[in-house]
Amino acid sequence: MCSWADRVKFRYHWSSPLHYIDTPDSLCTYQYNRDCKDEDGEKGRCVAGAINNYTDQLLSYRTSIFSQANQYNLTEALLFLSHFIGDIHQPLHVGFTSDRGANTIDVHWYRRKTVLHHVWDNSIIETSEERFYDASVDDLITAIQRNITGPWEDQVPKWEKCSLNKTTCPDIYASESIKAACEWACKDVSEDSVLEDDYFLSRYPVVNKRLAQGGVRLAATLNRIFS
């Protein structure tokens, strides 16, 4: 279900900029008013703005003005929101403008040529599945769930919380991601770098925690919307 928003990008061309945020090169910071815009400069057209928008659409089902809810396709709003909360937790979806979130940085993942963005979208997860979980995504998910209820349990309330009683807090999630992009994803990586065990073993715990945070925060957001 959560992959639907990727599949419809080629039909809903307008949605492509909603999957990411481009930040100024090398600053390693995110500011909504500065950074949340598309290539034409239209404000609010980034993944943080999309999370706010689709959260508001879903909240409209609770209003007494039913006609307002009828303005929106709430099924699509739910599908977009679920996907975008995942995207904003992938560090390179909040990356640098010049390399388009590391989509133009060619690297080798072990022997396979790819781009750094794909390493964080797919390769680290796939390699951890193969190496530690017998190529089972279900076992990977179970391990993350056990961490949420075990070693990370004390951190979960902080992950779930939104300041000022907001329903969702994409600015916090985006700030965490650009920090992780600088400290982990892009650190010591240059064009044609060969990324092997040293990179993988130090980065996959970061990926696992971002997956956990994204899942916890999606659940918390949906609970606040529908409770």
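1. The link of Cys 28 and Cys 182 is left-handed, with -100° about the S-S bond. Cys 28 sits in the loop between strand E1 (21–23) and helix H2 (32–35), and Cys 182 in helix H9 (residues 170–185), so this pair ties together parts that are 154 residues apart in sequence. The two sulfur atoms are 2.0 Å apart; a disulfide here is a pair of cysteine sulfur atoms within 2.5 Å. Helices (H or I, at least four residues) and strands (E, at least two) are DSSP runs, numbered from the N terminus.

2. The model is predicted: local features need pLDDT of at least 70 and side-chain atom pairs count only at pLDDT 80 or more, while totals for chains, interfaces and linings use all residues. Residues are numbered from 1 along each chain as its sequence is written, and side-chain values use heavy atoms, with hydrogens and water left out.

3. The ends of the Cys 28–Cys 182 link fall in separate accessibility classes: buried means under 20% relative accessible area, exposed over 50%, and partly exposed in between (1.4 Å probe, protein chains only). Cys 28 is partly exposed at a relative accessible area of 30%. Cys 182 counts as buried at 18%.

4. A search of the whole structure finds three disulfides. Another of them is formed by Cys 36 and Cys 46, with sulfur atoms 2.0 Å apart. The torsion about its S-S bond is about -100°, so this disulfide is left-handed. Cys 36 and Cys 46 each lie in the loop between H2 and helix H3 (47–59), so the pair ties together parts that are 10 residues apart in sequence. Cys 36 is buried, with a relative accessible area of 1%, and Cys 46 is buried at 0%.

5. Cys 162 is joined to Cys 169 by a disulfide, S to S 2.2 Å. Cys 162 counts as buried at 7% relative accessibility, as does Cys 169 at 5%. With bonded cysteines counted along the chain, the disulfides follow the pattern 1-6, 2-3, 4-5. Cys 186 is not bonded to Cys 182, which holds the closest cysteine sulfur: the distance of 6.4 Å is too far for a bond.

6. Helix H3 has 13 residues and reaches 18 Å from its first C-alpha to its last, close to the 18 Å expected at 1.5 Å a residue. The expected span is 1.5 Å times one less than the number of residues in the helix. The buried residues of H3 are Val 47, Ala 48, Gly 49, Ala 50, Ile 51, Tyr 54, Thr 55, Gln 57 and Leu 58. They pack against E1, H2, helix H5 (74–89), H9 and H10; contact means heavy atoms within 4.5 Å.

7. Helix H7 (residues 137–149) also has end C-alpha atoms at a distance that agrees with expectation: 19 Å apart, against 18 Å for 13 residues at 1.5 Å a residue. Its buried residues are Leu 140, Ala 143, Ile 144 and Ile 148. They cover an arc of only 145° around the axis, which puts them on the same side of H7; the arc is that of the directions from the helix axis to the C-beta atoms. An α-helix has 3.6 residues a turn, so residues three or four places apart point the same way. On the other side of H7, Asp 138, Arg 146 and Thr 149 are exposed. The buried residues of H7 pack against helix H6 (116–132), helix H8 (156–160) and helix H10 (197–226).

8. The largest nonpolar core has 61 residues, and those with the most contacts inside it are Leu 116, Val 119, Trp 120, Ile 124 and Tyr 199. The largest share of this core, nine residues, comes from H10. A nonpolar core is a set of buried Ala, Val, Leu, Ile, Met, Phe, Trp, Tyr and Cys residues joined through side-chain atoms within 4.5 Å. Neighbours within four places in sequence aside, the contacts of Leu 116 include Leu 92, Val 107, Cys 186 and Tyr 199.

9. Gln 213 lies in H10 and is buried, with a relative accessible area of 8%. Leaving aside neighbours within four places in sequence, Gln 213 is in contact with His 89, Trp 159 and Glu 176.

10. Strands E3 (residues 106–109) and E4 (residues 112–115) run antiparallel and are joined by four bridges; two strands pair if DSSP finds at least two bridges between them. Trp 109 stands opposite Arg 112 in E4. E3 and E4 form a hairpin with two residues between them, and Tyr 110 in the turn has a positive phi of about 55°.
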